[in-house]
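Please take a moment to look at the sequence and the model that follow, and then read on for a guided walk through the place where two parts of the chain meet.

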Amino acid sequence: MRHLIDPMDLSVEEIDEILNLADDIIAHHEKYEKVCEGKKLATLFFEPSTRTRLSFEAAMMELGGNVLGFSSSDTSSAAKGESVSDTVKVVSCYADIIAMRHPKEGAPYLASMKSDAPIINAGDGGHNHPTQTLTDLLTIRREMGRLGDLTIGFCGDLKFGRTVHSLIKAMSRYEGIRFVMISPEELEIPEYIREEVFLRNGLTYRQARTIDEVIGELNVLYMTRVQKERFFNEADYIRLKDTYILDMPKLKKADKGLRILHPLPRVNEISVEVDDDERACYFRQALNGKYVRMALIMKMLGLEVQ
Ligand code: NCD
C-alpha cells in the first residue's frame, strides 16, 4: 500500500501519468463517472480548509464514490484527547482512502504507519502539501505547455508556506528551471529547503525583495498569503502581511505570457482588479485541483477505465 506524504513520494513519471489522466478526465469527464462506485474517501481535516477538502470531496463524488469525514478537530474525538494514530486506525476501517490535513508537521506520516488505507497528506503544518503541488503542476503544464525551461518566481511567505516548499521540491526535478525567491528577510525559504533541494542538486536561485525588480523576467509568478496561523507573534504578522500586493501597475512590466498562480485563499496579496487579466490563473488552478485529485484517487486505488 502506498501513501502520498511528500511530493517526492511520486517519481517524475508517476506525476506525468497523473497529469495525463487529469487532462483526459477534463476532456472526457463522462468516462469516469462510475469508476469509484462503492468506494469511500474520508477527509480528516484537523485544520481549516475550503478548496482542498471540498475539491477532494467533489472529486470523489464525480468519480461515483462516497465521502465521509470531519472538517475541524473540535467535531472529532481529537477534542476528547484521541491520538491521530488511533483516529486514523479506526477511520481506515470505514474508508478505502483517506485525505488528512493537520497543523503538526509529520502528523500524516505518523498516521500512515498505523493506517489500513492509503493516506494522502492534504497539508501538514508549514511542511508539505503534495496535492496542491499536483494542482500547480497541472496548471503550469496546461497554461505554459511545459514543465521545464521556465523562470518561476515565488513571492510572499516562503518560510511557512507549505505549498511553496512542496512545489520547489517538485520543480527542482525538471530541466532548465530558474528559481526567483521574492520575500522579506524574515520570510525567506527555510534552511532545509536551501540545503536539501538547492545545494544538494547543485541548483541556484535568485533572491529579490521586490516584485518590481524581477517581474519582467518571469514566466510564472506564484503568489502566497502570509501564513498568519504559523506566526508566534501577532505584531510580526501585522508588520509583514501586506509586504507584497500585486496590482495592475506592477503588471505593466510583466510579459504578456506571464501566468500568475496562487494556491488561495488570498488575503490582500493580489488586488481584485488583476482577476480579469488573462494572466491571472488562480481560479482555473482551483478547478484543476479537483481534476488532479480525481486522477490521484484513481491511481492510488489502482482503478482504470478503458
Ligand atoms: C494553502 C494551504 O492550505 O497551504 N491553501 C490550499 O490548500 N489551497 C495555502 C494557504 O493556506 O495559504
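**Where the two domains meet**

Across the interface of domain 1 and domain 2, five salt bridges are found. One can be followed in detail: Arg141 forms a salt bridge with Asp16, and their closest N and O atoms are 3.7 Å apart, which should be read with care, as this is a predicted model.

To place this pair, consider how the chain is divided: domain 1 takes in residues 7–128 together with 289–301, while domain 2 covers residues 131–285. The centres of domain 1 and domain 2, taken over C-alpha atoms, are separated by 25 Å. Where the domains meet, 32 residues of domain 1 are in contact with 26 residues of domain 2.

The area buried between domain 1 and domain 2 is about 2,300 Å², and carbon and sulfur atoms give 54% of that area. Of the area that domain 1 buries against domain 2, Met8, Leu19 and Arg51 supply 23%, more than any other three residues.

Polar contacts also cross this interface, where 13 residue pairs, both partners at pLDDT 80 or more, are found in polar contact. Turning to the side of domain 1 that touches domain 2, at least two residues each are supplied by helix 1 (12–27), helix 2 (51–62), strand 3 (97–102), strand 4 (119–124) and helix 10 (282–301). Helix 1 gives the largest share of this side, with nine residues. Sorted by chemical character, the residues on the side of domain 1 that touches domain 2 divide into 14 nonpolar, 11 polar and seven charged.

How values were computed:
Residues are numbered from 1 along each chain as its sequence is written. This is a predicted model: local features need pLDDT of at least 70, side-chain atom pairs count only at pLDDT 80 or more; totals for chains, interfaces and linings use all residues. Side-chain values use heavy atoms; hydrogens and water are left out. Domain bounds come from an automatic or database domain assignment. Contact means heavy atoms within 4.5 Å. Buried area is the accessible area (1.4 Å probe) that two parts lose on being put together, summed over both. A salt bridge is a side-chain nitrogen of Lys or Arg within 4 Å of a carboxyl oxygen of Asp or Glu. A polar contact is a pair of N or O atoms within 3.5 Å; within protein, one must be able to donate a hydrogen and the other to accept it, and residues adjacent in sequence count only if both atoms are side-chain atoms. Helices (H or I, at least four residues) and strands (E, at least two) are DSSP runs, numbered from the N terminus. Ala, Val, Leu, Ile, Met, Phe, Trp, Tyr, Cys and Pro count as nonpolar, Asp, Glu, Lys and Arg as charged, and the others, Gly among them, as polar.
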